[in-house]
There are 2 protein chains.
Amino acid sequence: MIQNANRQIRLKQRPDGIAGPDNFEEAVEPLRQPEDGELLVESIYLSIDPAMRVWIDENPGYVPAVEIGSVMRAGGVGRVLESRVPGFAPGDYIQGRLGWQTHPTITAEGTHKLDLSLGSLEDWIGPLGTTALTAWFGIRDVGALSADDFVLVSGAAGGVGQMAGQFAKLEGCRVVGVAGGPEKCRYLTDELNFDAAIDYKAEADLATAVASAFPEGVDLFFDNVGGEILEAALLHLRSKGRIVMCGRISQTAAEERYGVTNTGLLIGKRARMQGFIVSDYNGRYDEARQWISKKLKSGELKQRLHVLDGLEAAPDGLSMLFRSQNTGKLVVKVADA
Amino acid sequence: MIQNANRQIRLKQRPDGIAGPDNFEEAVEPLRQPEDGELLVESIYLSIDPAMRVWIDENPGYVPAVEIGSVMRAGGVGRVLESRVPGFAPGDYIQGRLGWQTHPTITAEGTHKLDLSLGSLEDWIGPLGTTALTAWFGIRDVGALSADDFVLVSGAAGGVGQMAGQFAKLEGCRVVGVAGGPEKCRYLTDELNFDAAIDYKAEADLATAVASAFPEGVDLFFDNVGGEILEAALLHLRSKGRIVMCGRISQTAAEERYGVTNTGLLIGKRARMQGFIVSDYNGRYDEARQWISKKLKSGELKQRLHVLDGLEAAPDGLSMLFRSQNTGKLVVKVADA
């Protein structure tokens, strides 16, 4: 059933600190029929990711900025309504750069058909999507994960963190997650099998909490947060330790930038801090998805989707990420599958 | 001629900030004749290195602390006076852990005979010594130096820095050094062939100076200093840039610790910061020395030794390093060759 309007969320103005509803506006356009090489898609799930906060800065650096007045850039899964692309037919489920809109008309570039034998639509927006792939390549490749590592994960109850910690657990590591509040901490230990959780909201001193969790120190710190927890992990990093720089969700506003005073500890510890972007690994996504799919089917890998209802929930959803109000991968549901 | 006293510099008390004469005391002991497995040595050149400041902290981390009342740990070159070690004979020149003392009695462990066909005694305490090897493995292995890199070196007129910058120049890189004062900057550009030098004492804003020196950004930053210059380099680091964490000579006192606010830039830049210790590479020292010896003999590689006269000059020498008062590798000369 093709509806006759494409509802959109567009960027209205760039944020200073945390981004939210004030930075976006809704708009409605008529559906645009696809031309050659294009697909008309009905969005089902649209992603809300911390990286979006960077994309709406004036100079994101590694990708072009989202322009004022443009539809907000977002990945998502949806159903093809009309196709002018060979190999895609109405009814196909696809994943691509849909943007925050209900009925995008998109090119096939960056779009792929979903193999539902690997997992459900919810799996594809979750543990088979780029959020989980970020965790997979980050902790395994950038972090050089090994079975006897002591692993600390910050933002551990978020979309990337819940996966990174589980990937380390599945290798046999001792894994401790940092999250905000008792509910998230229980999620980590009771549902995801983390060895322990640190509730950063309840700890007077993160460095002491990290030292208690890892008396022998941390081999691998997967950091989604930055700032104080990064400094605490540096202090307790073991010799030849690795810090995977995945996100800095605590550091969105200039006035909130925490000065890390102990980067010099990397020297004597022979340790490294390394950043990465998941798309650098896009030639290896299939490998990761096959692995993840097996672990999902065996029940060894769990995930939680935090689903907001309706496109209009997306802007506030973005602010929830930075207020630590999500548990699991945050998405908006725009239509039924 | 064997003198009958071993003059020593011992650690008296641990420093808070910069270490200097107040932290050490002189002592005199009778010479101790070597037992089986030992050598009696006459020190000729003794090293003064930034790492010593870490060794006299209570918890250096990667090496045991120098104990209060002990002879200060130091590398050096000297001449064997008496030997109870097979393969070493009186008159042999050796390099080893002599400590700040005129006539150490040492074991053969960590001691090696000097191959004077590779270079002079001054070369062995300088560009064939661990200071230069630190630069060699740091910039080439840790930094993954490549010919088209834009290379920034801090502490560039110091013992490690002068070598690191030249090693990059010899690969064909554009190299800019950061040093304190016009004389050191002239040394870099006029004698060592650096492409440019930044006088940090004359610059109001280091980030602006780095941006001017490298309008396209920095691929490899070899950091001996830490703090503000590290932050500036992070800001102007290129995609897939590398920061070699070699030293943090600006950050010796707790109250001087500069908070680096932009480590999160590593993420989008897919960049890394990595620390190392030269002794991790000790199986490859010969390879590096062969390379360095050739470049010394061809005249392509230069070095400056900053020679202080007499053992008693060592404690103040250590403070000179942290006050940016040395140009080139700092040593004390204890005896004639």
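**Exercise 1. Decide whether Asp219(B) counts as buried or exposed, and place it in chain B.**

Solution. Start with the count: Asp219(B) has 24 C-beta neighbours inside 10 Å, so it counts as buried. The cut-offs are these: buried means 20 or more other C-beta atoms within 10 Å of the residue's own, exposed means 12 or fewer, and partly exposed is in between, with C-beta atoms placed from the backbone.

A quick word on the model and the numbering. This is a predicted model, where local features need pLDDT of at least 70 and side-chain atom pairs count only at pLDDT 80 or more, while totals for chains, interfaces and linings use all residues. Residues are numbered from 1 along each chain as its sequence is written, and chains are lettered from A and ligands numbered from 1 in the order in which they are written.

Next, the element: Asp219(B) sits in strand 11 (residues 218–223) of chain B. Helices (H or I, at least four residues) and strands (E, at least two) are DSSP runs, numbered from the N terminus.

Then look at the partners. Leaving out residues up to four places away in sequence, Asp219(B) touches Asp149(B), Phe150(B), Val151(B), Arg238(B) and Gly241(B). Contact here means that the C-beta atoms, placed from the backbone, lie within 7 Å. Finally, a distance: from Asp219(B) to Gly172(B) it's 47 residues in sequence and 14 Å in space, C-alpha to C-alpha.

**Exercise 2. Do the same for Thr107(A): which element holds it, and which residues does it contact beyond its sequence neighbours?**

Solution. Thr107(A) belongs to strand 6 (residues 105–107) of chain A. Its count is 15 other C-beta atoms within 10 Å, so Thr107(A) is partly exposed. Setting aside neighbours within four places in sequence, its contacts are Gly37(A) and Glu38(A). As for Asp199(A), 92 residues away along the chain, its C-alpha is separated from that of Thr107(A) by 44 Å.

**Exercise 3. Describe the overall build of chain A: how many helices and strands does it have?**

Solution. Chain A has ten helices and 15 strands. Now check the size: a compact globule with 337 residues would have a radius of gyration near 20 Å, and chain A agrees because it has 20 Å. The radius is taken over C-alpha atoms, and the globule rule is 2.2 Å times the number of residues to the power 0.38. Along its principal axes, the C-alpha trace spans about 60 × 45 × 35 Å. Of the 337 residues, 54% count as buried. Among contacts with a separation of 6 or more, 65% come from residues 24 or more positions apart.

**Exercise 4. Split chain A into domains and describe where they meet.**

Solution. The division gives domain 1 (5–126 + 303–333) and domain 2 (130–278); the bounds come from an automatic or database domain assignment. Taken over C-alpha atoms, the centres of the two domains of chain A are separated by 28 Å. At the boundary, 19 residues of domain 1 are in contact with 16 residues of domain 2. On the domain 1 side, helix 10 (314–322) and strand 15 (329–333) of chain A are the elements giving two or more residues. That side has six nonpolar, eight polar and five charged residues. For these classes, Ala, Val, Leu, Ile, Met, Phe, Trp, Tyr, Cys and Pro are nonpolar, Asp, Glu, Lys and Arg are charged, and the others, Gly among them, are polar.

**Exercise 5. Work out what chain A and chain B do at their contact: how many residues does each give, and how are the strands paired?**

Solution. Each side first: 31 residues come from chain A and 31 residues from chain B. In chain A, helix 8 (265–268) and strand 13 (272–275) each supply at least two residues. Strand 13 of chain A gives the largest share, four residues. By class, the chain A side divides into 14 nonpolar, eleven polar and six charged.

Now the pairing: strand 13 of chain A and strand 13 (residues 272–275) of chain B run antiparallel over three bridges, where two strands pair if DSSP finds at least two bridges between them. Within that pairing, Gln274(A) stands opposite Arg272(B).

Last, the symmetry. Chain A is superposed on chain B by a rotation of 180 degrees with 0.0 Å of shift along its axis (RMSD 0.0 Å), so the two copies are related as by a two-fold rotation axis. The fit is by least squares on the C-alpha atoms of residues with pLDDT of at least 70 in both copies. The C-alpha of Gly259(A) is the nearest to the axis in chain A, 1.8 Å from it.

Conventions
Two residues are in contact if their C-beta atoms, placed from the backbone, lie within 7 Å.
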